[in-house]
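Me: I have a structure to read. Please take me through its features one at a time.

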Amino acid sequence: MLLLALSAACGSRLPESDFEHDDRSSAPRGSAPLRVGIITSATSPVGGSAFTGTRDGAKAWFDRLNARGGIDGRRVEVLLCDDGGSGVGNNECVHRLVEEDKVVALVATTALDYAGASRVSRARVPDIGGQPIGSAYDTYPHLYGIYGSRAPRNGTPGWGGKLYGGTEVYRYFKREHGARTAAVVSYNQSASAAYARLVERGLRAEGYKVVTEQVDFALPNFRAVAADLREQGADLVFDAIDSHGNARLCRAMDEVGAHVTAKVTNVQSWTSTVADAYQDAPRCRNALWATGSSRNHDDTGHPAVREFREATKDLKTHSQWQLEGWAAARWFTDAARSCARTGITRACVDAAMNRSEGYTAGGLLLPVVFERRAEPPRTVRTCLSVARWQDGRGWVGQGDMNRTCFDVPQLAYEP
């Protein structure tokens with residue numbers, strides 16, 4: 001998995017006056033195209049393909065949309081910007097797309113360092129369906145993350161600088177698979193260790209015995225970790241390490257005979273590349289599970305997934321982030337269509353987003369919530385999408401994501 005869950009928020013607290021300016025730029029009326037921007041860290045320190053899934057999914061939606069006549073007869077012009085994974089590059093992308101190209105919205109933003117988030121918010125440009133890699137989508141108004149937010153979004157991350165996460169993943173494996181002992185593997189690196197501590201807290205809150213394993217970032221000894229996992233009798237393995245490290249850990253687990261109920265990964269690693277990436281670890285590979293808040297991209301029995309897969313059939317690989325990028329583009333399209341009669345402006349699309357409570361993109365997403373709670377919730381009823389990798393079948397869904405739900409505590413952490 002990518003070590004981004006606890007990355008710091010970009011920017012600082014903004015006074016209310018910063019939000020009083022109203023730039024309601026829009027594409028001209030008539031047959032002129034509607035401009036949308038997609039900011040992606042396509043080239044970044046974590047690898048060239050780490051962030052491109054959402055971009056590719058969104059582009060596929062817009063290509064299909066334009067082939068069918070666009071929105072109210074207007075083609076959607078997609079402007080791409082690679083921020084290089086840096087704050088400077090991100091600000092340059094925001095300046096170009098928002099201030100020069102005058103896009104009506106940003107869609108499927110996936111940025112390693114979303115330094116320009118405050119500028120997007122000040123311009124009142126709706127940012128629709130972005131990936132919450134940092135805390136921007138729990139900080140600023142006019143930013144609508146793909147999974148929603150309950151935070152006030154008043155310029156400060158979360159509630160007084162603290163964000164909250166639930167324990168639904170750990171509850172699921174405890175209830176459905178009787179898991180009792182869980183291991184958490186991390187690097188001796190600050191972001192990795194911080195995320196691992198958060199996972200450990202959630203596991204302990206659900207009553208697990210927790211085994212912590214830390215490896216050297218430069219010279220990781222995964223075989224020693226795997227041997228200890230076997231000795232400790234771990235049922236589950238969670239991680240705070242990168243995809244390459246995960247493949248090496250799995251290989252070591254197979255070599256020493258460390259067999260677990262589930263090696264749990266995240267949405268970013270929920271891809272069709274598993275067979276190749278884990279080719280040397282067949283037993284561990286078939287113990288890979290993924291959890292998230294969107295419908296399994298291999299669930300072609302669902303019409304919305306089938307539509308996505310048909311439109312992306314020429315892509316070499318498929319992933320959950322592609323599906324979520326597709327859903328983000330669909331979300332923008334639905335909001336823009338609701339504005340066609342009065343004019344597709346930034347202000348109208350933003351107002352439509354504020355009314356999109358419970359949005360599902362045709363069943364691709366769990367119902368999205370934007371609440372702006374003054375106080376953080378103590379417990380939340382949270383549903384979960386779960387899939388397991390099986391050779392020959394790909395990612396196999398485990399139950400109905402709209403019914404795999406738990407009332408779980410919310411634990412505070414600092415981004």
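Me: Start with charge. How far apart are the mean positions of the positive and negative charges?
Reply: Compare the two mean positions. This is a predicted model. In the protein, 50 positive and 48 negative charges have mean positions 4 Å apart.

Me: What confidence does the model carry?
Reply: Check the average, then the weak stretches. The mean pLDDT is 91, and 93% of the residues score at least 70. Residues 1–29 stay under 50. The model still has 84 contacts beyond four places in sequence for that stretch. Where pLDDT is low, the predicted coordinates should not be read in detail.

Me: How do I judge the overall fold size?
Reply: Set the radius of gyration against the globule rule. A compact globule of 415 residues would come near 22 Å; the protein has 21 Å, so the two agree. Along the principal axes, the C-alpha atoms fill a box of roughly 70 × 45 × 40 Å.

Me: And what is it built from?
Reply: Count elements, then look at contacts. The protein has 12 helices and 15 strands. Among contacts with a separation of 6 or more, 71% join residues 24 or more positions apart.

Me: How much is buried, and what does the surface show?
Reply: Of the 415 residues, 55% count as buried. The exposed area is about 16,900 Å², with carbon and sulfur atoms supplying 45% of it.

Me: Try one residue. Is H302 buried or exposed?
Reply: Compare its relative accessible area with the cut-off. Buried means under 20%. H302 has 18%, so H302 is buried.

Me: Where does H302 lie, and what does H302 touch?
Reply: H302 sits in the loop between β11 (288–292) and α10 (303–311). Leaving out residues up to four places away in sequence, H302 touches R295, G362 and G363.

Definitions and conventions: Residues numbered from 1 in each chain as written. Predicted model: local features only at pLDDT ≥ 70, side-chain atom pairs only at ≥ 80, totals over all residues. Heavy atoms only, no water. Helix = DSSP H or I, 4+ residues; strand = E, 2+ residues; numbered from the N terminus. Rg over C-alpha atoms; globule rule 2.2 N^0.38 Å. Buried < 20%, exposed > 50% of the residue type's maximum accessible area, 1.4 Å probe, protein only. Contact = heavy atoms within 4.5 Å. Areas by Shrake-Rupley, 256 points an atom, 1.4 Å probe, with all protein chains shown as cover. Lys, Arg positive; Asp, Glu negative; His and termini not counted. Charge placed at Lys NZ, Arg CZ, Asp CG, Glu CD. pLDDT = per-residue confidence, 0-100.
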